[in-house]
Amino acid sequence: MSAAAVEHPCDDGPEPLLVTANRLAEQHPGYRVEIIGGVITVAPPPDGPHARALTKLMRPFIAAGLDDGDSEVLQGIGLWLPGGPEDYAVPDLALVDADFDEHKLENNCYDPAVFRLVLEVTSSNYNSDLRHKVAAYAGAKIPVYVIIDRRHGRVHVLTEPVGGTYDRHEVYAPGQEAPLPDSIGAEVALDVAELIKAGRPRN
């Protein structure tokens, strides 16, 4: 999904960012609107290969039993970010504690404390996923951030958030499996070749 910054219209004064973001979401159904670092971004609906990669990604988590019991695997759940007064993100996929409903904050977003893992599948906005969201998710102390980098054909696994970055950043290529830390609640390894293939158009 490509993302574009949105500026406030000039009138008597800028409206709150959340008001602008929600107005844009209403005007563009299916688009993903986020506020990261005090900047609103609007990303168009993902392409088919992006959606196919997400479907493939959910399977190992479900097979490991992480969508039952004390955790759930969810697409498009709002994550409230502590980096700014109105910041929030909507990761492509998230692994959350089963009691996340009890931790709803603002704007249909949830406390970062209930997120065990967030995952993004890149589109043309890959720089945001590889840079801005690294800082945002690390600042929110999300324990594991996984990036399926379709542009470069790699899987990134970032762990051990400290300040605005992650202390550990492992990169995996096709032919490898990307193991995720046991802290998510089960043993899960992602098949890099399968995911990269799924995220590309079929010729």
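# Strand β10 and its surroundings

Colleague: Let's start with β10: are V144, V146, I148, Y145, I147 and D149 buried or exposed?
Modeller: V144, V146 and I148 point one way from β10 (strands are DSSP E runs of at least two residues and helices H or I runs of at least four, numbered from the N terminus), while Y145, I147 and D149 point the other way. Neither side of the strand differs in its label, which is under 20% relative accessible area for buried, over 50% for exposed and in between for partly exposed, with a 1.4 Å probe on protein chains only. For both sets, the word is buried.

Colleague: Before we go on, what pLDDT do side-chain atom pairs need?
Modeller: Residues are numbered from 1 along each chain as its sequence is written, and side-chain values use heavy atoms, with hydrogens and water left out. This is a predicted model: totals for chains, interfaces and linings use all residues, local features need pLDDT of at least 70, and side-chain atom pairs count only at pLDDT 80 or more.

Colleague: Why do you call β10 largely enclosed by the rest of the structure?
Modeller: Look at the burial of the strand residue by residue. β10 is largely enclosed because of its count of buried residues, six of the six.

Colleague: Which residue of β10 is the bridge partner of V118?
Modeller: β9 and β10 pair in the parallel sense over five bridges; two strands count as paired if DSSP finds at least two bridges between them. Strands of a sheet pair through backbone hydrogen bonds, either parallel or antiparallel. Across from V118, the partner in β10 is Y145.

Colleague: In what order do the six strands of the open sheet run?
Modeller: The sheet is open and its pairing is mixed. Walk across its six strands and you get β4-β7-β9-β10-β11-β12.

Colleague: Which strands stand at the edges?
Modeller: An edge strand here has a single partner, so one side of it is left without a neighbour in the sheet. That description fits β4 (71-75) and β12 (165-172).

Colleague: What is the average twist from one strand to the next?
Modeller: Angles run from 0 to 180 degrees between N-to-C directions, and axes are lines fitted to C-alpha atoms, for helices over the stretch in contact. From one strand to the next, the twist averages 15°.

Colleague: And α2 packs on the sheet; what angle does its direction make with that of β9?
Modeller: α2 touches β4, β7 (93-97), β9 (115-121) and β10 (144-149), where contact means heavy atoms within 4.5 Å. Its direction and that of β9 make about 150°.

Colleague: What about α3 and the direction of β10?
Modeller: Helix α3 covers residues 126-139 and packs on the sheet too, touching β9, β10, β11 and β12. With the direction of β10, it makes about 170°.

Colleague: Which residue in β12 is the bridge partner of V157?
Modeller: V157 lies in strand β11, residues 154-162, and counts as buried because its relative accessibility is 4%. β11 pairs with β12 in the antiparallel sense over seven bridges, and V155 stands opposite Y172. V157 touches V144, Y145, R168 and H169, among others. Its bridge partner is E170.

Colleague: Which residue in the hairpin of β11 and β12 takes a positive phi?
Modeller: The hairpin has two residues between the strands. With phi near 60°, the residue is G163.

Colleague: N107 and N108 both have positive phi; is N108 buried or exposed?
Modeller: Neither is a glycine: phi is about 55° for N107 and near 60° for N108. N107 lies in the loop between β7 and β8 (109-110), and N108 lies there as well. N107 counts as partly exposed because its relative accessibility is 25%. N108, with a relative accessible area of 54%, is exposed.

Colleague: Last one: what volume does the largest pocket have?
Modeller: A pocket is an open set of points on a 1 Å grid over the protein atoms alone, where a 1.4 Å probe fits, with protein on both sides within 12 Å along at least five of seven lines; lining residues have an atom within 4 Å of a point. Points are joined across faces, edges and corners, and the volume is the space filled by probe spheres set on them. For the largest pocket, that is about 340 Å³.

Colleague: Which residues of its lining are closest to the centre?
Modeller: The lining has 21 residues. The closest to the centre are R32, V33, G76, G78 and V90.

Technical notes
Lists of a residue's contacts leave out its neighbours within four places in sequence.
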